Amino acid sequence: MNTLSSFRHILVIEDQKARRIIALEEATYSVGRESSNDIVIYEQVVSRRHATIVRVRLTPRLDSYSYRIIDGDLEGHRSTNGLLINGKLKESHNLKHGDVVIFGPQAKVSYYIISTALDIDLFNPLDPGQLQQEEDAIMETMIADENNKSTIINEESLQGRDRDDLIRLASFPELSPNPIIEIDFTGNLTYLNPAASIKFKTIGQEKLKHPILAGLLSEVHNIQGNLLLREVIIGTDIFEQYVHYLSEHQLIRSYLFDITARKQAEKNLEYRAFYDTLTDLPNRNYFDEKLEIALIEAKKNNNLMALLFLDLDSFKNINDTLGHKIGDQLLKNFAQRLSSCVRNDDFVSRWGGDEFTLLLPQINSPEDTINLAQRILDDLKKPFEISGHQLYIKTSIGIAIYPQDGEDAESLLKNADAALYRAKERGRNHYRFYRSTMTSKASLLLKLENLLYQALEEESFSLYYQPQLKLSNHKISGMEALLRWYHPELGHVSPVRLIPLAEQTDLIIPISIWVLKTACQQNKAWQEQGLSPIPVAVNLSPKQFQQPNLVNIVTQVLEETKLDPHLLELEITETAMMENIDFSQETLQKLRDLGVQISLDDFGTGYSSLGYLQKFPITTLKIDQSFIKTVQNNPKNTAIISAIIALGKSFDLRVIAEGVETLQQLEFLQRLNCQEIQGFWFSRPLESTDATTFLSQV
């Protein structure tokens, strides 16, 4: 067999001039913009001598060869833009069937190995076995090329070609990367292009039993018009098959396009649209659709339906302490356990975050939901085993029943959410049915958020100031600024309620900035009135402390108010400081570099580590009032207070006891040599005018 006469090597050139086909016959070709090249590329960015194509022997056999493209000429002069081959820049490359070489924005060359067999009149198929041999030989050459063992063939002459045959071989079907197949009306296979031969290796043996050809003959007389479009699945591949019935030629021609990637992308998009990627449960969109359908059925059949809202109690603590990776795994495990509790017709979805919804499309009575809710709560008594941690999780459940609690999706969802909120208020880890007097958490938060925005806009917040007393000389040693809010409808809103609400609505940041600026302005006003300079302490919420621009905000406020930095003390809690140790250390050091004092609030209730007293630039320790309240009846608290006072002296820190309300507490703290106190025994928090009067009199 003469392989040289069995294959032809074709270049399809597309540039600014035209699309043309060149059969490679010579041993060497120069390629470039200059007209003296063997192959001219009409594109301005192409170099004059851009590349060289040489014939190389793949193996010691003389009947096996291919072509190699080299950047520049054979004298070593490189091109300006290089060779972009199959998307990668290369200095040289052994060409393979289907390779694409980009010379410029409008200049492309494609390389094909084409069979010269003339067994079929219309087109010339490429025998897959021969192509495999050719490809194997090319691979051998590429390996040999690593060791510079490829051989350029200069002396070998090629046999003459039939030019008509060459044009026929280089026609579109032969060069198409997509399979093209023909059969006649009797079922005989009349044509396969090279791409079809490679893709469907068994089609010649299976013939009409092959999925690509199966059923085509039976549609000859049924087809409307002359075109059939269908999808064919072969293994994991999916093809779009365009079938042309050419009655005048008694032929059936198929054009096939691999749409596997597109189908997978469509499947992924559909999945993302309707399913939660973490838990694999249906998502909110899918739940909404199911709920609407269930409502239609419930109205038509006049049956009861239930909607349950669930969320995990204290799930945030898992994320904060163990990390989001374990939190995500917990959500996945919870979703699986929840799904195992419901009936086949019930519908579970992840609503978002740690919230889940259950749809019971048909129930006999509300008691059915009680049985399900209790089953869920009982199932959660077993711990979750995740990454070596035993996690005990509880859930709260809100229940709304159709039609008594709502006849549309929006009402049912809102009322189930209201019942969930009430379940949490009443102690968590149980279920509640909706009652008409309930207000949903979302509705309440929205109302309060609007009121907070209004209070911020109208500056209806106020600051109260609680004095701190130095016991050694009975002088005022400082003031703590405390936020207060009075609303005509809500009355005096307790700080215990106000601060968490501001945290939940994310208004804590602008409110905190207002507090900081107002406290600094007031302290500056006291200095200008001739009062003794004292520091004013401002509490930083955990969310405010984690803001990356905190130091810039403090700097700007000090500059605007012209307050000496050492007269500002910022209070943070141990918990907030330990959330991100590196960030906290850097931020606190920058604040100390400004001259600002740093107070550690609620000391003794958190980590209370000697290590971070050395690591962080703290200036003040505040003993939490919970120790002070029981100091006389609790020896352990007495020991803790004594230890904190000793620590403060050792590290040269101010130590302030909070919540001192009785003379007995004061005398006890004096016996322990506590330096400073703060509390109702000495003074309640005062409005700014009263605080000014108080400072001028002491």
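Ala-481 touches Leu-463, Tyr-464, Tyr-465, Ala-519, Val-536, Ala-537, Val-538 and Asn-539, leaving aside residues up to four places away in sequence. That makes Ala-481 a good place to enter this model, which is predicted. The residue belongs to strand 26. Its relative accessibility is 4%, so Ala-481 counts as buried; the cut-off for that label is under 20%. Folding also brings Ala-481 and Gln-466 to 6.8 Å from each other, C-alpha to C-alpha, although 15 residues separate them in sequence.

Now look at the strand beside it. Strand 25 and strand 26 run antiparallel and pair over 10 bridges. Tyr-465 has Ala-481 as its bridge partner in strand 26. Tyr-465 is also on the list of residues that Ala-481 touches. The two strands form a hairpin, with 4 residues between them. In that turn sits His-474, with a positive phi of about 55 degrees.

Strand 25 covers residues 461–470. What else does strand 25 pair with, beyond strand 26? One neighbour is strand 34, residues 686–687, joined to strand 25 by 2 bridges in the antiparallel sense. Here Tyr-465 appears again, with Leu-686 as its bridge partner in strand 34. Another neighbour is strand 33, residues 676–678, also antiparallel to strand 25 and joined to it by 2 bridges. In this pairing, Leu-469 has Ile-677 as its partner. How many residues of strand 25 are buried? The count is 8 of 10, so strand 25 is largely enclosed by the rest of the structure.

From here, turn to the nonpolar interior. The largest nonpolar core holds 77 residues. Those touching the most other members are Phe-461, Leu-516, Val-554, Leu-568, Leu-570, Leu-621 and Ile-623. Helix 15 gives this core its largest share, 9 residues. Take Leu-570 as an example. Leaving aside residues up to four places away in sequence, Leu-570 touches Leu-516, Val-538, Leu-540, Val-554, Leu-591, Val-596, Gln-597, Ile-598 and Ser-599. Val-538 is a contact of Ala-481 too. Apart from this core lies another, of 33 residues. Its members include Leu-331, Phe-334, Leu-360 and Ile-401.

Next come the open spaces. The second largest pocket has a volume of about 1,100 Å³. It is lined by 35 residues, and the closest to its centre are Glu-480, Leu-482, Pro-495, Asn-539 and Asp-601. Several elements give two or more residues to this lining: strand 26 (475–487), helix 14 (495–504), helix 15 (508–528), strand 29 (568–573) and strand 30 (597–603). Strand 26 is thus a link back to the starting point, as Ala-481 lies in that strand. Asn-539 is another link, being one of the contacts of Ala-481. Helix 15 also returns, having given 9 residues to the largest nonpolar core. What kinds of residue line the second largest pocket? The lining divides into 16 nonpolar, 10 polar and 9 charged residues.

Closed spaces are a separate matter. How many cavities of 30 Å³ or more does a search of the whole structure find? The search finds 1. The largest cavity has a volume of about 60 Å³. Its lining consists of Leu-11, Val-31, Ile-39, Ile-53, Ile-69, Leu-95, Asp-99, Val-101, Phe-103, Val-109, Ser-110 and Tyr-111. Strand 10 (100–104) and strand 11 (107–115) are the elements that give two or more residues to it. Strand 11 provides the largest share, 3 residues. By type, the lining of the largest cavity divides into 10 nonpolar, 1 polar and 1 charged.

One of those lining residues, Leu-11, leads to the start of the chain. Strand 1 covers residues 7–14, and strand 2 covers residues 19–24. They pair in the antiparallel sense over 6 bridges. A hairpin of 4 residues joins strand 1 to strand 2. Glu-14 stands opposite Arg-19 of strand 2.

Finally, step back to the whole chain. The protein chain has 24 helices and 34 strands. Of its 698 residues, 48% are buried. Contacts between residues at least 6 apart in sequence can be sorted by their span: 60% of them join residues at least 24 apart.

Terms used: Residues numbered from 1 in each chain as written. Predicted model: local features only at pLDDT ≥ 70, side-chain atom pairs only at ≥ 80, totals over all residues. Heavy atoms only, no water. 1 Å grid on protein atoms, 1.4 Å probe; cavity = no way out; pocket = protein on both sides within 12 Å on 5 of 7 lines; lining within 4 Å. Points joined across faces, edges and corners; volume = space filled by probe spheres on them. Nonpolar A, V, L, I, M, F, W, Y, C, P; charged D, E, K, R; others polar. Pairing = 2+ DSSP bridges. Core = buried A, V, L, I, M, F, W, Y, C linked by side-chain atoms within 4.5 Å. Buried < 20%, exposed > 50% of the residue type's maximum accessible area, 1.4 Å probe, protein only. Contact = heavy atoms within 4.5 Å.
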